[in-house]
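Work through the exercises below with the sequence and the model side by side. Try each task before reading its solution.

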Amino acid sequence: MGIFSAIIGAPLAPLKGTVWVAEQVRDEAEKRHYDPGAIRRQLEEVSEAKESGAISKDEADELERDLVARLLESTRRRNSKER
């Protein structure tokens with residue numbers, strides 16, 4: 001059975017490698033997107049931009065809402081991994 005599966009599976013090896021690389025890239029992107037430290041820094045940047053007048057209060061409110069949602073999702077993901 002082992003040789004048979006090796007013969008049949010050999011043509012799929014490049015595809016399996018490509019899928020593995022894509023999964024690694026996705027995992028790293030998600031880790032960075034939901035990094036609590038990065039989200040907090042972005043919240044600080046939004047606050048500074050609002051205070052300096054670079055963005056309007058409405059724009060800042062929308063950005064802050066999105067960032068807080070990401071932070072909450074980050075916490076939810078971290079808690080679900082711990083269980």
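Buried means under 20% relative accessible area, exposed means over 50%, and partly exposed lies in between. The model is predicted.

**Exercise 1. Classify Val68, and give its C-alpha distance to Pro36.**

Solution.
- Locate the residue. Val68 sits in helix α4.
- Take its relative accessible area, which is 37%.
- Apply the cut-offs. Because 37% falls between the two limits, Val68 is partly exposed.
- Turn to Pro36. Val68 and Pro36 are 32 residues apart along the chain, and their C-alpha atoms are separated by 9.9 Å.

**Exercise 2. Classify Val46 and list its contacts beyond four places in sequence.**

Solution.
- Place the residue. Val46 belongs to helix α3, which covers residues 36-52.
- Check exposure. The relative accessible area of Val46 is 9%, so Val46 is buried.
- List the contacts. Val46 touches Ile55, Ala60, Leu63, Glu64 and Leu67, once neighbours within four places are set aside.
- Add a C-alpha distance. Val46 and Leu72 are 26 residues apart along the chain, with 18 Å between their C-alpha atoms.

**Exercise 3. Arg70 is buried and has no salt bridge. Find the nearest side chain of opposite charge, and the backbone oxygen that the Arg70 side chain reaches.**

Solution.
- Start with position. Arg70 lies in helix α4, residues 57-82.
- Look for a partner. The nearest side chain of opposite charge is Asp66, 7.9 Å away.
- Test that distance. A salt bridge needs a side-chain nitrogen within 4 Å of a carboxyl oxygen, so Asp66 at 7.9 Å does not qualify.
- Look at the backbone. The Arg70 side chain reaches the backbone oxygen of His33 at 2.8 Å.
- Complete the surroundings. Beyond four places in sequence, Arg70 is in contact with His33, Tyr34, Ile39 and Gln42.

**Exercise 4. How many salt bridges does the structure hold? Work through three pairs and one network.**

Solution.
- Begin with the principle. Side chains of opposite charge can pair when their charged atoms come close.
- Give the count. The structure holds eight salt bridges.
- Take Glu28 and Lys31. Their side chains meet at 3.4 Å, N to O. Both residues are in helix α2, three residues apart, about one turn of the helix. Glu28 is partly exposed at 31%, whereas Lys31 is exposed at 54%.
- Take Glu64 and Lys50. Their salt bridge spans 3.9 Å, N to O. Glu64 is in helix α4 and Lys50 in helix α3, so the pair ties together parts that are 14 residues apart in sequence. Glu64 is partly exposed, with a relative accessible area of 22%. Lys50 is partly exposed too, at 31%.
- Take Lys57 and Asp61. The N to O distance in this salt bridge is 2.9 Å. Both residues lie in helix α4, four residues apart, again about one turn of the helix. Lys57 counts as exposed at 53%, while Asp61 counts as partly exposed at 22%.
- Finish with the network. Salt bridges with shared partners join Glu30, Glu73, Arg76 and Arg77 into one network.

**Exercise 5. What is the volume of the largest pocket, and which element gives the largest share of its lining?**

Solution.
- Recall the idea. Rolling a probe the size of a water molecule over the atoms shows where empty space is left.
- State the volume. The largest pocket has about 290 Å³.
- Name the lining. The residues are Asp27, Glu30, Lys31, Tyr34, Asp35, Pro36, Ser74, Arg77, Arg78, Ser80 and Lys81.
- Assign them to elements. Those that give two or more residues are α2 (13-33) and α4.
- Pick the main contributor. Helix α4 supplies the largest share, five residues.
- Link back to Exercise 4. Lys31 lines the pocket and pairs with Glu28. Glu30 and Arg77 are lining residues and also members of the salt-bridge network.

**Exercise 6. Is the lining residue Ser74 buried or exposed?**

Solution.
- Place the residue. Ser74 is in helix α4.
- Read its accessibility. At 5%, Ser74 counts as buried.
- List its contacts. Ser74 touches Tyr34 and Pro36, leaving out residues up to four places away in sequence.
- Compare with the pocket. Tyr34 and Pro36 are also among the lining residues.

Note on methods. Residues are numbered from 1 along each chain as its sequence is written. This is a predicted model: local features need pLDDT of at least 70, side-chain atom pairs count only at pLDDT 80 or more; totals for chains, interfaces and linings use all residues. Side-chain values use heavy atoms; hydrogens and water are left out. Buried means under 20% relative accessible area, exposed over 50%, partly exposed in between (1.4 Å probe, protein chains only). Lys and Arg count as positive and Asp and Glu as negative; His and the chain ends are not counted. A polar contact is a pair of N or O atoms within 3.5 Å; within protein, one must be able to donate a hydrogen and the other to accept it, and residues adjacent in sequence count only if both atoms are side-chain atoms. Contact means heavy atoms within 4.5 Å. On a 1 Å grid over the protein atoms alone, a cavity is a set of points where a 1.4 Å probe fits but cannot get out, and a pocket is an open set with protein on both sides within 12 Å along at least five of seven lines; lining residues have an atom within 4 Å of a point. Grid points are joined across faces, edges and corners, and a volume is the space filled by probe spheres set on the points.
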